[in-house]
Amino acid sequence: MIAMRLAAIGFLASAAAHLLSFTSWARWLGERTIWTLEVGVFLLALWMIARLRRTAAIRRQWGRVAVHDWRGLVAAVPPGLRFLVIGAALYAWMNFVLCLMVEEDVVTRAAITLRMATGHLLFFYLVPLVFFGWVDPARP
């Protein structure tokens, strides 16, 4: 429950920073904002991996290597949320390519960096949000 709330807060903070990157207020958000959000998503990813490693129910043997059966994890996600996660991944890539195509000057460089980073963080916070909300095997 705590992880889901942290993922939701991170997603909303990333969305707000992403939207601010399109305005003149982007200069107020610096690299510290990006680094703080990235540390948060990294910790959530570690938390997700720790939860998955403790669960033997979704593992299967593939030769000598035990792998996670991702089909079982994805099956627990409602179809609308699957579409949302795929859309967020496609948006992150589109945003990245468009940010690379923009001719930047010194003034807009910070806004482009913020836009590029927060576009990816939207996806990277959405995945733990969906995992802890619907997929987590330890969830009651």
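**Exercise 1. Find out how the span of helix α4 compares with the expected one.**

Step 1: At 1.5 Å a residue, the 23 residues of α4 should span 33 Å. The expected span is 1.5 Å times one less than the number of residues in the helix.
Step 2: The end C-alpha atoms of α4 are 33 Å apart, which agrees.
Step 3: Now look for the buried residues of α4: Leu-81, Val-85, Ala-88, Ala-92, Asn-95 and Cys-99. Buried means under 20% relative accessible area, exposed over 50%, and partly exposed in between (1.4 Å probe, protein chains only).

A word on what you are looking at: this is a predicted model, in which local features need pLDDT of at least 70 and side-chain atom pairs count only at pLDDT 80 or more, while totals for chains, interfaces and linings use all residues. Residues are numbered from 1 along each chain as its sequence is written, and side-chain values use heavy atoms, with hydrogens and water left out.

**Exercise 2. Describe the protein as a whole.**

Step 1: Count the elements: there are five helices and two strands. Helices (H or I, at least four residues) and strands (E, at least two) are DSSP runs, numbered from the N terminus.
Step 2: Put them in sequence order, and you get α-α-β-β-α-α-α.
Step 3: Turn to burial: of the 140 residues in the protein, 33% are buried.
Step 4: For the surface, the protein exposes about 9,500 Å², and carbon and sulfur atoms supply 71% of that. Accessible areas come from the Shrake-Rupley method with a 1.4 Å probe; for residues, only the protein chains shown count as cover.

**Exercise 3. Trace the contacts of Ser-14 and Thr-118.**

Step 1: Place the two residues: Ser-14 lies in helix α1, and Thr-118 lies in helix α5.
Step 2: Ser-14 counts as buried because its relative accessible area is 0%. Thr-118 is also buried, with a relative accessible area of 0%.
Step 3: List contacts (heavy atoms within 4.5 Å), leaving aside neighbours within four places in sequence. Ser-14 touches Leu-37, Thr-118, Leu-121, Leu-122 and Tyr-125.
Step 4: Thr-118, in turn, is in contact with Ser-14, Ala-17, His-18 and Leu-37.

**Exercise 4. Is His-120 buried or partly exposed, and what does it touch?**

Step 1: His-120 sits in helix α5.
Step 2: The relative accessibility of His-120 is 21%, so it counts as partly exposed.
Step 3: Beyond neighbours within four places in sequence, His-120 contacts Ala-92 and Phe-96.
Step 4: His-120 and Ala-92 are 28 residues apart in sequence, while their C-alpha atoms are 5.0 Å apart in space.

**Exercise 5. Work out which residues and elements build the largest nonpolar core.**

Step 1: A nonpolar core is a set of buried Ala, Val, Leu, Ile, Met, Phe, Trp, Tyr and Cys residues joined through side-chain atoms within 4.5 Å.
Step 2: The largest core has 22 residues, and those touching the most other members are Leu-44, Tyr-125, Leu-126, Val-130, Phe-131 and Phe-132.
Step 3: Two or more residues of this core come from each of α1, α2 (31-54), α4 (79-101) and α5 (106-135).
Step 4: The largest share, nine residues, is given by α5.
Step 5: Apart from this core lies another, of six residues, including Ala-17, Ala-26, Ala-111 and Leu-114.

Technical notes. Contact = heavy atoms within 4.5 Å.
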